[in-house]
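Grab a pencil and work through a few exercises on the structure below. Each one sets a task and then walks you through a solution.

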Amino acid sequence: MYTLTAEKVVEMGTATKSNEPLPSAIAPEACLVVPAALPSHDTAAGSASPGTTASEQVMSTPLPDFLDGWLAAHAAEVVAARRHIHANPRLSRQEHDTADYVAARLAEAGLEPQLIPDGTGLTCDIGTGDRVIAIRADMDALPINDPKQVPYRSSVEGVCHACGHDAHTAMLLGVGRVLHELERREGLPGRFRLVFQPSEEQFPSGAPTMIKYGALTDVAAIFAFHCDPQFQAGQIGVRNGPLTAACDVMEVRMAGRGGHTSRPHLTHDLVNAIGRVVVDVPALVNRRLDPRQSVAIVFGAVQAGEAANAIPQEALARATVRVHGRETWDMIPDLVQEVTRSVARASGVECEIDYRRGVPPVVNDRSASAMFAGAAAAALGPEAVVEAPMSMGGEDFAYYLEQIPGAMARLGVGRPGERLDIHQGNFDIDETALSHGVRVMTHTVLAAAQSPAF
C-alpha cells in the first residue's frame, strides 16, 4: 500500500521553513495513509472473500495510477466546466445559475447535492461516517470587464471571473466525481463534503452563510485552493500559520465651511484636511505598532470638490485596513479611528468615521499545512512544493478556520512568459493546473480522513 509517512510529511512541510516548526501531534509511528490501491473491476463487482470489507481486499491499482486514468478520461470535462462557468459569470449573491449548473453536474454523476435556501450555494456529501473532511470552492465573479479574445470570454458585460473562482469550482466538481468513483469501487475512509460557496468577494461574505446552513456540521478539517499566477502550473504554494490578512474598510467624511481659494483662512479647507488624513494616518498608525506587526492602510478613493478655485464643503476618503494576526486585528479599529480623528482635529475639522469589519485573517493549521505539502509532494513530486508568501489580500475562508482546523494552499496557474495578476480582466490560467489541483486535493483529503491529527 502506498503510504505517506509522518517523516515525509514533516520533510515536505519544510517548504514553510520561515514559520514555526511543525507540531509533534503526528507521531513518528503514525502514517498518513493515502489509499493507493483500488480493486479491479472484477473485485469491485463483488468478488471479495467472505468476512472481508472492500477496503481490506487486495487492491491492484495504486491511487496515482487511478488518478492518471481518471484524468486521462475526464480532464477535458473539468476544463469544459471551468470554461462554462467563466463564460457565464455571476456576481456575489447572484450565483443561482452557477449553483444550478454545479448541482446538475453532481446529480448526473449520481450524487445528491443540497442547495442552501436562497439557491446561491450548495453542499454535497460523499461516503459515510460521523467524521467529515470538507473541501471548499467559491463561485462568484467580479464586476470587471473581460477583454480576453478567447472562446470562453464572459458573456455578461462588466462581469468576469478574474480571481479563479471558476477554476476552484470546476476542480471541486472533479474531486467530487473522483471521490464518488472511489466510493463506488472500494468505499471511502470516511465522509467528505463538497462546499460550493457564494459571495467570497463582497460583504457580507458567503462563508458565514454556508456555516449557518450546516457546512461545518461534523467537519473535522477543511481544505481549499486559491489560484495564484505568481506560481507556474504544477507548483503548489504551502504555508503554515498566517496566509492572508484581515481586511476592514474605513470611510472618513468631513464637512465644514467652504469658500474661495483666495481666502483659505476663512474656511475649513477640507482638501488640505482630507489630504493630511490620507498621507499621515498610515504612517502614524504604523509608528504606534510593534514593527514586527504588518499593517497596510491604503486609501483607494478620495472625493473633495470640483472647481480649482473653490474650497469644498464636503470631503470623503475610503480605505482598506489590512493586518496579519488575530491579536492585531482585534485592536486595530480603535487605534485607526483615534489617529484619524487626531489628524483631522489638527487640521481644524471634525470627521465622521464608518469603520466596517471585514474578514478575519486566514491562519493555516500547522498539521493541515504539513498534510497539504506532503500530499502535494506525493501527487506531483517534491519539487512541486514551494513556500507561499504571506499576502495582504483578504479571504473569507478564514471564517471556517476560526471554527475548525484546515489550510488553504496556492495553486500555481501561471503560464510561461506571462505576468498576470488576479482581479484584472485579462487574468487567465494555464488549464493544466486544473488536473494538478484535482490530483493534489484528492491525495490531501484522503490522507486527512485517515490522520489522527484531526
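**Exercise 1.** Work out whether helix α9 is largely enclosed or not, and find what caps its N-terminal end.

*Solution.* Start with burial: 13 of the 15 residues of α9 are buried (under 20% relative accessible area, with a 1.4 Å probe and protein chains only), so the rest of the structure largely encloses this helix. Helices here are DSSP runs of H or I with at least four residues, strands are E runs of at least two, and both are numbered from the N terminus. This is a predicted model, where local features need pLDDT of at least 70 and side-chain atom pairs count only at pLDDT 80 or more, while totals for chains, interfaces and linings use all residues. Residues are numbered from 1 along each chain as its sequence is written, and side-chain values use heavy atoms, with hydrogens and water left out.

Next, the length. α9 covers residues 366-380 and reaches 21 Å from its first C-alpha to its last, close to the 21 Å expected at 1.5 Å a residue (that is, 1.5 Å times one less than the number of residues).

Now the N-terminal end: Asp 365 is the cap, with a side-chain oxygen 3.1 Å from the backbone nitrogen of Ser 367.

**Exercise 2.** Look just after α9 and say whether Gly 381 is buried or exposed.

*Solution.* First, place Gly 381: it sits in the loop between α9 and β17 (385-387). Its phi is positive, at about 105°. Then check accessibility: at 12%, Gly 381 counts as buried. Finally, look across space: Gly 234 is 147 residues away in sequence, yet the C-alpha atoms are 9.5 Å apart.

**Exercise 3.** Find which strands pair with β14.

*Solution.* Two strands pair if DSSP finds at least two bridges between them. Take β10 (residues 246-255): ten bridges join this strand to β14 (residues 314-323), and the two run antiparallel. One spot to check is Ala 246, whose bridge partner is Val 323. Now take β12 (residues 295-303), which also pairs with β14 in the antiparallel sense, over eight bridges. There, Ala 296 stands opposite Arg 322.

**Exercise 4.** Find which strand gives the most to the lining of the largest pocket.

*Solution.* List the candidates: β7 (219-232), β10, β14 and β15 (351-359) each supply at least two lining residues. Then pick the top contributor: β7, with five residues.

Technical notes
Buried < 20%, exposed > 50% of the residue type's maximum accessible area, 1.4 Å probe, protein only. Polar contact = N/O pair within 3.5 Å; in protein donor to acceptor, adjacent residues only side chain to side chain.
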